[in-house]
Each structure stands twice: as C-alpha cells, then as structure tokens.
Amino acid sequence: QVQLVESGGGLVQAGGSLRLSCTASGRTLSRYRMGWFRQAPGKEREFVGSINWSGGGPTLYASSVKGRFTISRDNAKNTVYLQMSSLKPEDTAVYYCAARASEMTTWMYWGQGTQVTVSS
C-alpha cells in the first residue's frame, strides 16, 4: 500500500505562485510514476502532469499548464512537488497526487486532495 498526503493549497491572486507537496509512505516507490491531477467544480478530474519517482524518462505536462507548472521530486524526503506559477482563475480546483506502477496505466493510489483557489 502507498499513502499519499498533499499539502500547500490555499488562496492566491491571479499571477501568483503556489507550491504543492505530496509526501508518500508505505512502500518503496522506485518503480512508480507520480502524477498530479485536478478537479474543478462541475468538471471531470484532469491530468496535470507526471514524473518518474526515480528520475529518468519524460516529465509530462498538460498543455494547459505547460510552461507555468513544474513537477519535481525529492527522494530523500519522499516528496513530489508541483510548483505553480502565473496562476489563473481557471486553475482553481482540488489538486490530487497519485501513484502507479511504471508499467501500469491505472493510477492505483490517490491522496485526499488539496484546494487551490485563484482569485481574479
């Protein structure tokens, strides 16, 4: 089992920045891929980006956040980060961290989510 806990959400003005953290525990994640997703009110959950826990391979981003958001990891802290810059009101959503085995396509583990609200 993998436990994921997000933190760092909050209220920020448009154009501002925020960094989300996702701390993992429970098992070794060396062969896992970590992802960030978000869900706005009345909308489906959507992919934001993903990264390999051990590094290597591509770091992927949704086109809507590319160039504004950056995913990074600190293996020593068992933490993955989502640095968000140039935030827009349409980035308002609950942000979720997720994990899946690298060879799988289904995201198996999810955090509880953290709210990000961007005011105009």
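Here a biologist asks and a modeller answers about this predicted model.

Biologist: Which strands stand at the edges of the open sheet of four strands?

Modeller: Let's lay the strands out first: the order is β1-β3-β8-β7, and the pairing is antiparallel. An edge strand has a single partner, so one of its sides is left without a neighbour in the sheet. That description fits β1 (3–7) and β7 (69–74).

Biologist: Which residue in β8 does Thr23 stand opposite?

Modeller: Start with the two strands, β3 (residues 18–25) and β8 (residues 79–84), which pair in the antiparallel sense over six bridges. Thr23 has its opposite number in β8, and that is Thr79.

Biologist: How many residues apart in sequence are the parts that Cys22 and Cys97 tie together?

Modeller: A search of the whole structure turns up one disulfide, and Cys22 and Cys97 are joined by a disulfide with an S to S distance of 2.0 Å. Cys22 sits in strand β3 while Cys97 sits in strand β9, so the parts they tie together are apart in sequence by 75 residues.

Biologist: Is Cys22 buried or exposed?

Modeller: The cut-off for buried is under 20% relative accessible area. Cys22 comes in at 0%, so we call Cys22 buried.

Biologist: How many residues are in the largest nonpolar core?

Modeller: Nonpolar side chains tend to be buried together in soluble globular proteins. In this core, Met34 is among the residues that touch the most other members, and its contacts include Leu4, Cys22, Ile51 and Trp107. Several strands, including β3, β4 (32–39) and β9 (93–101), each supply at least two residues of this core. The number of residues in this core is 30.

Methods: Residues are numbered from 1 along each chain as its sequence is written. This is a predicted model: local features need pLDDT of at least 70, side-chain atom pairs count only at pLDDT 80 or more; totals for chains, interfaces and linings use all residues. Side-chain values use heavy atoms; hydrogens and water are left out. Two strands pair if DSSP finds at least two bridges between them. A nonpolar core is a set of buried Ala, Val, Leu, Ile, Met, Phe, Trp, Tyr and Cys residues joined through side-chain atoms within 4.5 Å. Buried means under 20% relative accessible area, exposed over 50%, partly exposed in between (1.4 Å probe, protein chains only). Contact means heavy atoms within 4.5 Å. A disulfide is a pair of cysteine sulfur atoms within 2.5 Å. Lists of a residue's contacts leave out its neighbours within four places in sequence.
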